[in-house]
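Subject: Handing over the model

Hi,

Here is the structure I promised to pass on to you. Have a look at it first, and then read on for my notes.

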Amino acid sequence: MKQNDMIIPLLIMIISLQSKDEDYSGGPMFIARQPIFNNELEVYGYELLFRLNSNSTQFGGISSQGATAMVITGLFESGLDSLIEDKIAFINFDEIFIHSNALELIKPERMIVEMLENIEVSSHLVDRLTDIKKNGYSIALDDFAQTYQTYPLTPLADIIKYDIMVTPLDTIVSDIATGIAQGKILLAEKVETLEEFLKAKEMGFKLFQGYFFSKPSIAGRSFNTSPSQIQYLRLMAEINKDEPSFDLLADLIEQDVTLSYRLLRLASFRAGSELISSIKFALSYIGLREFERWISILMIHDLGKDKPKELIKISLIRTRFAESLAKRAKMLSLEHESAVMGLFSTLDAIMDQPMSEVLSEVSLPQSILDALIHGEGILFPIYELMISYEQGNWPVVEAISETLNIEDYSIYHAYREAIKWANDVILNIT
């Protein structure tokens with residue numbers, strides 16, 4: 001069946017689902033993505049975490065197949081590239097929606113069909129998965145905790161996901177060996193530390209999911225600050241003074257030929273045909289607020305060159321997302337501070353130092369320090385909302401957004417716009 005031939009029956013199915021689910025009120029309210037890495041810490045794909053409504057603990061007042069239908073439709077209409085770029089999407093299916101033709105709206109090279117752990121296995125399901133594989137789709141088994149040798153879906157699986165909190169690595173040694181021998185790709189979920197990543201990698205896992213990459217690896221590291229770090233910190237300290245000196249900022253920038261070139265290039269791009277004659281003039285042309293944003297982004301990018309690229313991308317997504325959330329919460333006087341807070345929220349992982357030590361060298365508003373170091377203060381709800389959305393912790397997202405009086409539907413749009421903005425920034429600084 002062609003894609004266009006499936007749109008009308010899909011829409012009919014969604015309308016039917018909507019009529020049965022009284023609490024459903026429109027399109028997807030929340031869609032987040034969680035990176036899945038290969039063993040070189042490059043992003044292989046993104047699992048899409050979604051929820052439609054605020055009145056249920058799982059899929060928001062609508063059946064899980066309705067939620068998946070809306071996600072598939074939304075991705076088909078808006079394009080996957082806006083959310084997962086050129087990577088592959090891992091999307092959850094249950095035993096009902098897996099039989100819908102809507103699945104084929106997304107091409108097999110862009111999607112992994114992920115079967116939920118509580119799925120009811122039947123001969124009808126096995127037949128459907130067999131057909132899906134013939135059409136080129138790969139199948140993943142989510143949170144696998146079954147008996148490997150006897151579970152009916154194991155032979156059909158291309159990827160097997162183990163939640164290592166539920167099934168610790170030491171308890172599945174035999175299954176791991178069998179899976180590898182059978183050519184399965186093993187994915188470790190809920191990887192929280194570098195040590196867990198290294199152990200799973202050594203055991204033969206090829207894919208990894210969790211936030212281990214965004215935490216500082218402090219053991220065995222010295223905290224000596226490099227010349228480039230010192231230069232950035234000096235610039236940040238001067239920018240955040242009550243009365244920053246353009247002369248001192250210009251002198252600091254001129255000590256670094258790369259920074260000087262980048263600043264002149266940025267100013268020239270903004271100025272068009274107007275001649276930019278000096279570093280000081282470039283600074284005055286751009287303005288202190290825009291210069292602070294620019295130098296902060298450059299600092300994050302340059303200091304994180306030895307870190308996974310996704311960590312830098314998350315920093316950029318967060319700065320835009322946090323700024324947008326502050327705006328939607330009518331915290332207009334705190335938009336800039338919120339943006340800096342979001343950008344610097346990964347500095348501990350980038351510099352492999354505790355956040356309190358990293359930020360002690362930079363003169364920042366107390367609101368940022370309170371949020372990132374102490375977990376309190378006026379910006380902390382924005383921080384908590386940002387992190388909870390990123391991790392798909394929807395009950396917390398809903399509670400905080402209600403407290404801040406942010407409309408549900410606007411959060412996803414802000415998140416997706418932040419992803420696009422971050423990708424554009426990376427293209428311009430690399």
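Below is what I found, going from the overall make-up to single residues.

**The whole chain**

Please keep in mind that this is a predicted model. The protein has 430 residues, and 54% of them are buried. Its secondary structure consists of 19 helices and eight strands. Among contacts with a sequence separation of 6 or more, 65% link residues that are 24 or more positions apart. The accessible surface is about 19400 Å², with 51% of that belonging to carbon and sulfur atoms.

**The barrel**

The eight strands form a closed barrel in the order E1-E2-E3-E4-E5-E6-E7-E8, and the pairing is mixed. From one strand to the next, the twist averages 30 degrees.

Strand E3 is a good place to begin. All six of its residues, 88-93, are buried, so the strand is largely enclosed by the rest of the structure. The cover extends to both faces: Ile88, Phe90 and Asn92 are buried on one side, and Ala89, Ile91 and Phe93 on the other. E3 runs parallel to E2, and three bridges join the two. With strand E4 (residues 111-115), E3 pairs over five bridges, again in the parallel sense. Ala89 takes part on both sides: Tyr46 has Ala89 as its bridge partner in E3, while the partner of Ala89 in E4 is Met111.

Further round, strand E7 (residues 185-189) and strand E8 (residues 207-209) run parallel and are joined by two bridges. Leu187 has Leu207 as its bridge partner in E8.

On the helical side, H17 (residues 380-391) lies across strands E1 (30-38) and E2 (43-51), at about 65 degrees to E1.

**The nonpolar cores**

As a reminder, nonpolar side chains tend to be buried together in soluble globular proteins. Here the largest nonpolar core has 132 residues, and those with the most contacts inside it are Phe93, Met115, Phe205, Phe291, Phe344 and Tyr389. Helix H19 (residues 408-429) supplies the largest share of this core, with 11 residues. Apart from it lies another core, of eight residues, which include Ile36, Ile112, Leu187 and Leu207. Two of these names will be familiar, as Leu187 and Leu207 are the bridge partners mentioned above.

Which residues does Phe205 touch, not counting those up to four places away in sequence? They are Tyr162, Leu169, Ile172, Ile176, Leu186, Leu187, Ala188 and Ala200.

Met299 is another residue to click on. Met299 sits in helix H11 (residues 288-303) and is buried, with a relative accessible area of 2%. Beyond its neighbours within four places in sequence, Met299 is in contact with Tyr232, Met236, Phe344 and Leu347. Met299 and Phe344 are 45 residues apart in sequence, and their C-alpha atoms are 9.9 Å apart in space.

**Helix H10**

In helix H10 (residues 279-286), the buried residues are Ile279, Ala282, Leu283 and Ile286. Viewed down the helix axis, these buried residues fall within an arc of 100 degrees, so they line one face of H10. After H10 comes Gly287, which has a positive phi, near 95 degrees.

**Two backbone points to check**

Most residues other than glycine have a negative phi. Glu85 is not a glycine, yet its phi is positive, at about 60 degrees. Glu85 is in the loop between helix H3 (81-84) and E3. Is Glu85 buried or exposed? Its relative accessible area is 12%, and a residue under 20% counts as buried, so Glu85 is buried.

Lys190 is another residue other than glycine with a positive phi, near 60 degrees. Lys190 lies in the loop between E7 and helix H6 (194-203). At 39% relative accessibility, Lys190 counts as partly exposed.

That is what I have for now. Do write back with any thoughts once you have looked through it.

Best wishes

Conventions:
Residues numbered from 1 in each chain as written. Predicted model: local features only at pLDDT ≥ 70, side-chain atom pairs only at ≥ 80, totals over all residues. Heavy atoms only, no water. Pairing = 2+ DSSP bridges. Helix = DSSP H or I, 4+ residues; strand = E, 2+ residues; numbered from the N terminus. Axes fitted to C-alpha atoms, helices over the stretch in contact; angles between N-to-C directions. Contact = heavy atoms within 4.5 Å. Buried < 20%, exposed > 50% of the residue type's maximum accessible area, 1.4 Å probe, protein only. Areas by Shrake-Rupley, 256 points an atom, 1.4 Å probe, with all protein chains shown as cover. Core = buried A, V, L, I, M, F, W, Y, C linked by side-chain atoms within 4.5 Å. Arc of directions from axis to C-beta.
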